[in-house]
Amino acid sequence: MDERELCFSSRHRGGVQAVLVDGHVKFFAETIDPQVWSALGTRNDGEVVPDSL
């Protein structure tokens with residue numbers, strides 16, 4: 001599998017715009033904790049994404 005298939009990227013300066021499952025768009029800074037960023041890419045684990053991210 002190509003490693004690029006396993007990551008998110010963007011041409012936005014300083015982070016990435018992402019569409020969440022409820023349809024809203026959120027900007028995630030490139031300084032986000034890598035463990036948190038990885039957890040955001042999983043599903044059905046019961047975690048809740050706080051608005052403060």
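I count a residue as buried when its relative accessible area is under 20%. The model I examined is a predicted one.

**Entry 1: burial and surface**

With that cut-off, I found that buried residues account for 9% of the 53 residues in the protein. I then looked up the exposed surface, which comes to about 5000 Å². Carbon and sulfur atoms supply 51% of that area.

**Entry 2: secondary structure and contacts**

I noted one helix and two strands. Read from the N terminus, the order of the elements is β-β-α. I next turned to contacts between residues at least 6 apart in sequence; 10% of these join residues at least 24 apart.

**Entry 3: Ala18**

I located Ala18 in strand 1, which spans residues 15–19. Setting aside neighbours within four places in sequence, I recorded contacts of Ala18 with His24, Val25, Lys26 and Phe28. For one of these partners, Phe28, I looked up the C-alpha separation from Ala18: it is 7.4 Å, with the two residues 10 apart along the chain.

**Entry 4: the largest pocket**

I obtained a volume of about 600 Å³ for the largest pocket. Its lining has 25 residues, of which Leu20, Phe28, Leu40, Gly41 and Val49 are the closest to the centre. Strand 1, strand 2 (25–29) and helix 1 (34–40) are the elements that each contribute two or more residues to this lining. Helix 1 provides the largest share, four residues. By residue class, I sorted the lining of the largest pocket into 14 nonpolar, five polar and six charged residues.

Note on methods. Residues numbered from 1 in each chain as written. Predicted model: local features only at pLDDT ≥ 70, side-chain atom pairs only at ≥ 80, totals over all residues. Heavy atoms only, no water. Contact = heavy atoms within 4.5 Å. Buried < 20%, exposed > 50% of the residue type's maximum accessible area, 1.4 Å probe, protein only. Areas by Shrake-Rupley, 256 points an atom, 1.4 Å probe, with all protein chains shown as cover. 1 Å grid on protein atoms, 1.4 Å probe; cavity = no way out; pocket = protein on both sides within 12 Å on 5 of 7 lines; lining within 4 Å. Points joined across faces, edges and corners; volume = space filled by probe spheres on them. Nonpolar A, V, L, I, M, F, W, Y, C, P; charged D, E, K, R; others polar.
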